[in-house]
Amino acid sequence: MKTRDEGDKMMIVIENDWLKVEISQNGAEVRKVNHKKSGLDYMWTGDPAYWGRVSPVLFPIVGRLKEDRYQLDGKTYEMSQHGFLRDVVFEVDEQTITDVSFRFESGGRYLNVYPYDFTATIRYTLNEDKLVVHWEIVNETKEEMYFSIGAHPAFRIPLLENETIEDYSLHIIPAANKNVMEYEIENSLIREKEMANDLLTIPLTDSLFANDALIYSNIDQVTLASNKSNHGVEVRFEGFPFVGIWSKYTDGKMAPFVCIEPWYGIADTYNTTGNLKGKYGINRLQPRESFRAEYKMKFI
């Protein structure tokens, strides 16, 4: 059980024989993952020249709202892309050498942008070369609550000095007995496309994210791996309705990272009415009810 200071951020350290992980109390955000056996650091550095975050948790929306606003019970609220949970300071609830749980209680502080009180718990557990991420959201309001939640971890590429971005590929495993839907994104809003075909392997190129993120439904796993060294990361998220895959694209090139983002929610569609209760992909939670979800990152 360790902690260390990084400027104004308290970093919590968990580790086992395979991995050492550093997590900030700001946003309960994983900042570093070091593989002790390979010596590799897997997470993006957070260089603001490209993208200043590393693995934010998205809540109570995923993606962007049309005109950055929504309506609920006759009132209009404004909220920026991906919501506000990524910017709050969590309390450490429980901690061991290989496990830590972060907790945030809204306590009426965000009612001007989101008219519900909630408790969010984010737990990180090490299991050999895997980091297991568990979310729990509790509705603390006396009415039905509407929300989305998503992950946004960014993984550094290339991992080795003798590699390039073009040496890496995405390997996708669809959910069993379900049809995969692909979505196109324009101006941060989405619309459904035809059924995605030949999804199993997608080579990385500088132009892959020229039109923003790749977004799919009914996917169980995405692996980002080098074709040379086989090093990479496997993200498994059975039961999640959506996944986004993204890198910053600027000046004709992609940034040196890829985000693999399991989501319970998605950006607004072009034909949205703006009513949160009818938002595509929205989740509902009864008073005092809990929502739980879990995904795993394996570092290869």
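This is a short tour of one sheet and a few aromatic contacts in the structure above.

Hi everyone. Please keep in mind that we are looking at a predicted model.

Let's start with the sheet. Nine strands make up an open sheet, in the order S8-S9-S10-S11-S27-S21-S20-S15-S18, and the pairing is antiparallel. At its edges sit strand S8, residues 91-95, and strand S18, residues 201-203, each pairing on one side only. On average, neighbouring strands here are turned by 15° against each other, direction ignored.

Now let's look at the S8 edge. Three residues form the hairpin connection from S8 to S9. The two strands pair in the antiparallel sense over four bridges, with S9 covering residues 99-105. If you want to find the register, Glu91 stands opposite Arg103 in S9, and Gln95 has Val100 in S9 as its bridge partner.

On to the aromatic rings. How many aromatic pairs does a search of the whole structure find? It finds 30. One of them is Trp44 with Tyr50, edge-to-face, at 5.9 Å centre to centre and 80° between the planes. Trp44 is buried, at 4% relative accessible area, while Tyr50 is partly exposed, at 35%.

Trp135 and Phe240 also pair: their ring centres are 5.8 Å apart and their planes stand at 65°, so this pair is edge-to-face. Trp135 lies in strand S11 and Phe240 in the loop between strands S21 and S22, so the pair ties together parts that are 105 residues apart in sequence. Trp135 is buried, at 1% relative accessibility, and Phe240 is buried too, at 3%.

One last contact: Lys37 lies over the face of Trp18, 5.4 Å from the ring centre. Thanks for listening!

Notes:
Residues are numbered from 1 along each chain as its sequence is written. This is a predicted model: local features need pLDDT of at least 70, side-chain atom pairs count only at pLDDT 80 or more; totals for chains, interfaces and linings use all residues. Side-chain values use heavy atoms; hydrogens and water are left out. Two strands pair if DSSP finds at least two bridges between them. Axes are lines fitted to C-alpha atoms, for helices over the stretch in contact, and angles run from 0 to 180 degrees between N-to-C directions. Rings of Phe, Tyr and Trp (its six-membered ring) pair if their centres lie within 6.5 Å; planes under 30 degrees apart count as stacked, over 60 as edge-to-face and the rest as tilted. Buried means under 20% relative accessible area, exposed over 50%, partly exposed in between (1.4 Å probe, protein chains only). A charge sits over a ring if NZ of Lys or CZ of Arg is within 6 Å of the ring centre and within 35 degrees of the ring normal.
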